[in-house]
Every structure is written in structure tokens, then in C-alpha cells.
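Dear colleague,

I am passing on a structure for you to look through, and below it I have written out what was found in it. Please keep the structure open beside the text as you read.

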Amino acid sequence: MTGSEGGISANQLHRTLGITLKSAWLMSHRIRAAMRDDGTVNFGSGGGEAEVDETFTGLDKSETGRARSMAADDLKAGTFTPTLLDNIAKEATVCTDDAGQHRCLRQP
């Protein structure tokens, strides 16, 4: 869905996944709805968990079950750390791998 500026068409999903066009159309609308960014979610608010990886896929397990993906120009901490900190609540428990660029997100 994020591979090109216009996304992927229901026809392409239909062909790629081998499902009916009607199912592909419904699936594409549900995926787009799940990806919509209304700016109201701070992942991990209320002390919940926020999961982060190199491409910043945040998952708020305790509150909404929502995810958000963002593109980064590179994997340097200085590039995407400000965006992460803007989207993750201060009280969140951050779950991530041991990548060096995530050091600033670790709990003391």
C-alpha cells in the first residue's frame, strides 16, 4: 500500500493475492482505514507498550491496537528519534530490538 504514491489498486491486490476483486476492494479500504493518521494516538499512553523497529512500526497494545508506519531517509538515530519521541507517550514502555539507534528509547 505504501510502495508507490498512489498506493496499490484493488485490481493489483486481486491478481497478486488470488482473491476476488470484491474481496480485494474491501481489503484495500480496510487497510487504508487502518493506516489513516488522525493524529490522536500517542503510543503507549497510560503506561502501555509501544513497539519500535528500524522502520518505526508502533503498536499500542494497551489502548487502541493501532499501528503507524513512517518512512525514514536513513537509519541514524538523529534522523528518526525526534519523530519517535513525538509519537510515543513519555510513560510508555518501549519494546524494541538491540539496534544502537534505539538507545535513547530504553528505560533507565
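In this predicted model, Ala10, Asn11, Leu13, His14 and Leu17 of helix α1 meet Leu21, Ala24, Trp25, Met27 and Ser28 of helix α2. If you sort the residues of this contact by character, seven are nonpolar, three are polar and no charged residue takes part. Helix α1 covers residues 10–17 and helix α2 covers residues 21–35, and their axes, which come within 8 Å, cross at roughly 120°. Because an angle from 65 to 115 degrees would count as roughly perpendicular and one over 145 as roughly antiparallel, α1 is described as oblique to α2. The crossing in which α1 passes α2 is right-handed.

It may help to set these two helices within the whole protein, which has three helices and four strands. Read from the N terminus on, the elements follow the order α-α-β-β-β-α-β. Of the 108 residues in the protein, 24% are buried. Among the contacts with a separation of 6 or more, 45% are between residues 24 or more positions apart.

Which residues make up the largest nonpolar core? There are nine of them, namely Phe43, Ala50, Val52, Phe80, Leu84, Ile88, Ala89, Ala92 and Val94. Strand β1 (49–52) and helix α3 (77–87) each supply at least two residues of this core. Alanine 89, one of the core residues, touches Asn42, Phe43, Gly44 and Ser45 once residues up to four places away in sequence are left out of the count.

The stretch touched by alanine 89 includes Gly44 and Ser45, and glutamate 91 also touches these two, together with Gly46 and Gly47, again not counting residues up to four places away in sequence. Glutamate 91 is placed in the loop between α3 and β4 (93–96). Is this residue buried, partly exposed or exposed? Glutamate 91 has a relative accessible area of 43%, so it is partly exposed. Although glutamate 91 and glycine 44 are 47 residues apart in sequence, their C-alpha atoms are 7.0 Å apart in space.

Glycine 47 shows this meeting from the other side, since its contacts, leaving aside neighbours within four places in sequence, are with Glu91 and Thr93. Glycine 47 sits in the loop between α2 and β1, and with a relative accessibility of 36% it counts as partly exposed. From glycine 47 to lysine 90 the distance is 8.3 Å, C-alpha to C-alpha, while the two are 43 residues apart in sequence.

Finally, we can return to helix α2, where arginine 32 lies. Arginine 32 has a relative accessible area of 37%, and therefore it is partly exposed. The C-alpha atoms of arginine 32 and glycine 7 are separated by 9.2 Å, although these residues are 25 residues apart along the chain.

With best wishes

Methods: Residues are numbered from 1 along each chain as its sequence is written. This is a predicted model: local features need pLDDT of at least 70, side-chain atom pairs count only at pLDDT 80 or more; totals for chains, interfaces and linings use all residues. Side-chain values use heavy atoms; hydrogens and water are left out. Axes are lines fitted to C-alpha atoms, for helices over the stretch in contact, and angles run from 0 to 180 degrees between N-to-C directions. Angles under 35 degrees count as roughly parallel, over 145 as roughly antiparallel, 65 to 115 as roughly perpendicular and the rest as oblique. A crossing is left-handed if the near helix is turned anticlockwise from the far one by less than a right angle, and right-handed if clockwise. Contact means heavy atoms within 4.5 Å. Ala, Val, Leu, Ile, Met, Phe, Trp, Tyr, Cys and Pro count as nonpolar, Asp, Glu, Lys and Arg as charged, and the others, Gly among them, as polar. A nonpolar core is a set of buried Ala, Val, Leu, Ile, Met, Phe, Trp, Tyr and Cys residues joined through side-chain atoms within 4.5 Å. Buried means under 20% relative accessible area, exposed over 50%, partly exposed in between (1.4 Å probe, protein chains only).
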